[in-house]
Amino acid sequence: MSQALASGAAPPERLPRCHACIALAIGIAAAIAWSFAYLAVDYRQLVSAESMRLMAKFVGEFFPPDVSPAFVAKAAWGALQTFAVAAIGTVLAMLGGGALALPAAGRFGVAARLAARLVLNFLRSVPELVWAALMVIAAGLGPFAGTLALALHTTGVLGRLYAESLENAPMSPERALRDAGSGRLTAFAYATLPLVTAQGIAYALYRLEMNIRMAAVLGFVGAGGLGQLLYFHLSIFQQAQAATLLIAMFVLVFAVDSLSAFVRGRLLPAQA
Amino acid sequence: MSAPAAALERGATLPDPAARGRLTALVVAIAVLWPLLALAEFKPWQLFDGGNAEVMANFLAGFWPPATSAEFLALLAKATLETIAIATAGIALAFVVAVPLAVLATRSLSVSRIGPAPQRALGAGARTATRAVLTVLRAIPEVVWALVFVRALGLGPGAGVLALAVTYGGMLGKVYTEILESGDTRSARALLEAGSPRIAALFYALVPNTAQELASYTVYRWECAVRASVVMGFVGAGGLGQLMDQSMKMLNGGEASTILLTFLALVVVADAMSVVIRKVLA
């Protein structure tokens, strides 16, 4: 929010020039121009009559989707597996993130805080698909590799968010319990934990929504679920089947999004 | 766990006030997760299974030392620049896609909504249709779009840029709409009621209140785009991902670890840049 206006100060005749903003705007414009120049992609190719025709033909092959009962059952099973991968991955990440958030919030000293943050940053900075490619080597092809990959990346994300909400939570309830002679664990479990639980679950649900999308994709490197089916059918040019799988993906994403939005609304009425 | 000291002094054992709720939650969670574990083929012991463990151990042992040959580093620098360029160009196009859609979908900019106007149903219909377009754009993951555009444009960064433009266009559009509607919309309404055009109401009433939030979300999405453009390399859309895919397929651990370190550096730099940009805008 604009501070000057919010504080009710009389607006100046002209807003003061913000040199940093101008520099930033020029910098961003230059970066965008450089990016397009560096990539030097010929987008005219995309709108040329020939490639338009090819694209239209390619897209046209997706219709009508394959709705034979056998294939729909296969797609539904794939969707269920994708959901399982995302859900288990998120739960594991909640546990791992929670465990790492405690040191990352500075509860065990400065050294532990820095070490935990480094681990979290590393887990977070490696994309899920890369983790999945690694885990496929470790655990073999299949949904388990995808679950581990999601768990590792999401641990990094949730751990950081959890650490921040732990740091932002008011310390006085825990201090009160500690001063009254309660143990560290009890004080944490009954004073600070209830303050951050709702937010923590909301974060996890939000990540679950993203993980559903990601789990659908992880199959591309052989980690099971809808993605693996989609990659398979696209690579043998069975677009009708691919269309069914895309619809299944859409339905799954929509269902999980609505459910999670509903639960999150219940959890955090003040922020909904 | 020690019971509260005061209770101990009185010699009483207080019941745990949160026990029942937490126990119920735990039981429900286990009941729901159990079948999912089976479905996800959750078998941690596979990790330590002779064959797999050996392959992974060999591969991981190859991670050290990271590859530092001049030839590979040159390749890596080129791929890194390409990744950043894909993310930046993709976000720029996504912004162009998102802004008009967001303006169309924002309820607080609707003129027909103020009074009983003949086009009222038309306006509401247009907003719903725009929202549906935004949903379709972002429902399909960027990697799938990339796979489709690779068919059209051939292997290379172009497919990645377009995939980002489509998916992130949908995401930015939806979130811009939400941000514009969640702020204080009374000033926009006042302007519209006084007969101002919608674009003026947008720039003089809604944007000043929400500029920082809009900018910081866009920067956050750019950060995500950097990560996503890594991922899209796996389907042949150029950049670091393509390099990583090649190194992984050849089980070249040294190269893979150099690339992983580059990811880490890239994310840290992107983080730092978003902090700087947000500070300037504050």
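**Exercise 1. Describe the secondary structure and overall extent of chain A.**

Solution. Chain A contains 12 helices and 0 strands. Read along the sequence, its pattern is accordingly α-α-α-α-α-α-α-α-α-α-α-α. The next step is to compare its extent with the globule rule: chain A has a radius of gyration of 24 Å, well over the 19 Å that the rule gives for 272 residues, so chain A is more spread out than a compact globule. Along the principal axes, the C-alpha trace of chain A spans about 70 × 55 × 35 Å. This model is predicted, and the values below should be read with that in mind.

**Exercise 2. Determine how chain A is divided into domains, and state how far apart their centres lie.**

Solution. The domain assignment of chain A gives domain 1 (14-60) and domain 2 (69-267). Between the C-alpha centres of domain 1 of chain A and domain 2 of chain A there is a distance of 33 Å.

**Exercise 3. Give the corresponding description of chain B.**

Solution. Begin with the elements: chain B comes to 11 helices and 0 strands. From the N terminus on, they run α-α-α-α-α-α-α-α-α-α-α. Then consider the extent. The radius of gyration of chain B is 26 Å, whereas a compact globule of 282 residues would have one near 19 Å. The C-alpha atoms of chain B fill a box of roughly 75 × 75 × 40 Å, taken along the principal axes.

**Exercise 4. State what share of each chain is buried, and what share of the contacts spans a long stretch of sequence.**

Solution. Take burial to begin with. In chain A, 41% of the 272 residues count as buried. In chain B, 41% of the 282 residues count as buried.

Now take the contacts. In chain A, among contacts with a separation of 6 or more, 71% are between residues 24 or more positions apart. In chain B, among contacts between residues at least 6 apart in sequence, 73% join residues at least 24 apart.

**Exercise 5. Decide whether Ala191(A) is buried or exposed, and place it in its surroundings.**

Solution. The position comes from helix 10 (residues 184-218) of chain A, where Ala191(A) is found. The burial test asks for 20 or more other C-beta atoms within 10 Å. Ala191(A) has 20 such atoms within 10 Å, and therefore it is buried. Setting aside residues up to four places away in sequence, Ala191(A) touches Pro173(A), Glu174(A) and Leu177(A). As for Gly140(A), it is 51 residues from Ala191(A) in sequence and 43 Å from it in space, C-alpha to C-alpha.

**Exercise 6. Carry out the same analysis for Trp222(B).**

Solution. Trp222(B) lies in helix 9 (residues 198-232) of chain B. Because 25 C-beta neighbours are inside 10 Å, Trp222(B) counts as buried. Apart from its neighbours within four places in sequence, Trp222(B) is in contact with Ala87(B) and Ile91(B). The pair Trp222(B) and Ile91(B) is separated by 131 residues in sequence, yet by 6.2 Å in space, C-alpha to C-alpha.

**Exercise 7. Characterise the contact between the two chains.**

Solution. Count the participants: 60 residues of chain A are in contact with 54 residues of chain B. On the side of chain A that touches chain B, the largest share, 9 residues, comes from helix 2 (residues 19-39) of chain A. By class, this side of chain A has 45 nonpolar, 14 polar and 1 charged residues.

**Exercise 8. Identify the residues with the most contacts in the largest nonpolar core.**

Solution. The largest nonpolar core has 144 residues, of which Ala132(A) and Ala146(B) touch the most other members. Helix 4 of chain B supplies the largest share of this core, 17 residues. To see the surroundings of Ala132(A), leave out residues up to four places away in sequence: Ala132(A) then touches Ala145(A), Gly146(A), Ala149(A), Leu218(A), Val221(A) and Ala223(A).

**Exercise 9. Assess the confidence of the prediction.**

Solution. For the model, the scores are ipTM 0.71 and pTM 0.73. Chain A averages a pLDDT of 82, and 90% of the residues score at least 70. Within chain A, confidence is lowest in helix 1 (residues 3-6), at a mean of 50, and highest in helix 9 (residues 172-179), at 90.

For chain B, the mean pLDDT is 81, and 91% of its residues reach 70 or more. Within chain B, the lowest confidence is in helix 1 (residues 5-10), at a mean of 58, and the highest in helix 4 (residues 70-105), at 90. Where pLDDT is low, predicted coordinates should not be read in detail.

Conventions. Residues are numbered from 1 along each chain as its sequence is written. Chains are lettered from A and ligands numbered from 1 in the order in which they are written. This is a predicted model: local features need pLDDT of at least 70, side-chain atom pairs count only at pLDDT 80 or more; totals for chains, interfaces and linings use all residues. Helices (H or I, at least four residues) and strands (E, at least two) are DSSP runs, numbered from the N terminus. The radius of gyration is taken over C-alpha atoms; the globule rule is 2.2 Å times the number of residues to the power 0.38. A residue is buried if 20 or more other C-beta atoms lie within 10 Å of its own, exposed if 12 or fewer, and partly exposed in between; C-beta atoms are placed from the backbone. Two residues are in contact if their C-beta atoms, placed from the backbone, lie within 7 Å. Domain bounds come from an automatic or database domain assignment. Ala, Val, Leu, Ile, Met, Phe, Trp, Tyr, Cys and Pro count as nonpolar, Asp, Glu, Lys and Arg as charged, and the others, Gly among them, as polar. pLDDT is the predictor's confidence in each residue, from 0 to 100. A nonpolar core is a set of buried Ala, Val, Leu, Ile, Met, Phe, Trp, Tyr and Cys residues joined through C-beta atoms within 7 Å.
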